[in-house]
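Welcome! Open your viewer, get your selection tool ready, and let's take a short walk together.

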Amino acid sequence: MYPQRRLRRLRKRNIQPLFRETTVLKEDLVMPVFFDENIAKKKPIESMPGQYRYPLYEAGDIAQRILDKGIQAMLIFGIPGSKDEEATKAWNENGVVQEAVRMIKSEVPEMVVITDICACEYTSHGHCGIVGDTPCGPDLLNDPSLELMMRIAVSHAEAGADMVAPSCMLDGQVTAIREALDEEGFDDTPIMSYSTKFASALYGPFREAADSGMAFGDRTTYQMEPGNAREAFLESELDLSEGADILMVKPAGFYHDIIASVTSLGVPVAAYQVSGEYSMIKAASEKGWLDEKRVVMESVKSIKRAGADLIITYFAEDIAGWIDEEQ
């Protein structure tokens, strides 16, 4: 009459930890940070409560603070002093990201510095590269934009970046960047490709954070259609064949199935818990509708359970603190 197999036997509070299948560690986390060369003190990002744009001179201090919390990697974004149609500030040796990288590697050499390779923060039109006329009207031009990404990647490596992360979803971007890095002697610099990046509505708060809104159009001709799983896998498979060392799925929370499928390719996989995911949790917790800590930890645990080796999240510092509390 009664069950022989009782799974609750292993759910006693003192026994549960012995059989926990998925545990989020500090080593899993990457903290995204925005540096703005237009400001003299940190500026709150209104749509992302608790997040800021930081002035350049604070780069070393921010890196040290993050490292002291046990987070070993940062993903850096820059907001330049001026923009133009060809994103020339993106590859300038004295650009905002290049300067931030030099400061961090000089003051906190242990920090793993990853740089975003894109142009949306640097172009006057807000698109991710060079724009021109196409049969469908003005849009991102693929091959001219590849040349721009090559310049940006090399400039970041020259500044001391430990890893570069192309995010613009151009066809052939990994091949182009790999060849450019190797030609300049940076054959040991890994590429973490935003290999499956969806044209998501969850990027809204990032537009404010990175000042990367578009003057026209959208990014649906180069980012992924959210409903296309086969194409999503193919994008990552192609980037791996081109030489990507790490593959990324972005966003993370709505795309666990894609994360799980990409892990089958046998290389490290990163997942980006994006600005909209962060802001939704923040907004609901501020209303008292959700327990922020529990929801955040559940969300990142589910991302890791799906197969992600690295979790890029704006909650990284909070998560590190909560991990400490539980030890």
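Before the first stop, a word on naming: helices and strands here are DSSP runs, numbered from the N terminus, and a strand needs at least two residues. Keep in mind, too, that this is a predicted model.

**Stop 1: a charged patch.** Select Arg 5, Arg 6, Arg 9 and Lys 12 and show their side chains. Together they form a positive patch on the surface. Now find Lys 12 along the chain: Lys 12 sits in the segment before strand S1, which spans 29–36.

**Stop 2: a nonpolar patch.** Next, select Leu 10, Leu 18 and Phe 19. These three make up a nonpolar surface patch, with a combined accessible area of about 340 Å². Zoom in on Phe 19, which also lies in the segment before S1. Is Phe 19 buried or exposed, or partly exposed? With a relative accessibility of 48%, Phe 19 counts as partly exposed.

**Stop 3: the cysteines.** Now switch to the sulfur atoms. How many disulfides does the structure hold? The count is zero. A disulfide is a covalent bond joining the sulfur atoms of two cysteines, and the cut-off used here is a sulfur pair within 2.5 Å.

Start with Cys 118. Its closest cysteine sulfur belongs to Cys 128 and is 3.5 Å away, so the two are too far apart for a bond. Cys 118 is buried, at 2% relative accessibility.

Finish at Cys 136. Its closest cysteine sulfur is also in Cys 128, but at 18 Å, which is again too far for a bond. Cys 136 is exposed, with 77% relative accessible area.

Technical notes: Residues are numbered from 1 along each chain as its sequence is written. This is a predicted model: local features need pLDDT of at least 70, side-chain atom pairs count only at pLDDT 80 or more; totals for chains, interfaces and linings use all residues. Side-chain values use heavy atoms; hydrogens and water are left out. Patches are made of residues with over 30% relative accessible area and no salt bridge: like charges are joined within 9 Å, nonpolar side chains (Val, Leu, Ile, Met, Phe, Trp, Tyr) within 5 Å. Accessible areas come from the Shrake-Rupley method with a 1.4 Å probe; for residues, only the protein chains shown count as cover. A salt bridge is a side-chain nitrogen of Lys or Arg within 4 Å of a carboxyl oxygen of Asp or Glu. Lys and Arg count as positive and Asp and Glu as negative; His and the chain ends are not counted. The place of a charge is taken as NZ of Lys, CZ of Arg, CG of Asp or CD of Glu. Helices (H or I, at least four residues) and strands (E, at least two) are DSSP runs, numbered from the N terminus. Buried means under 20% relative accessible area, exposed over 50%, partly exposed in between (1.4 Å probe, protein chains only).
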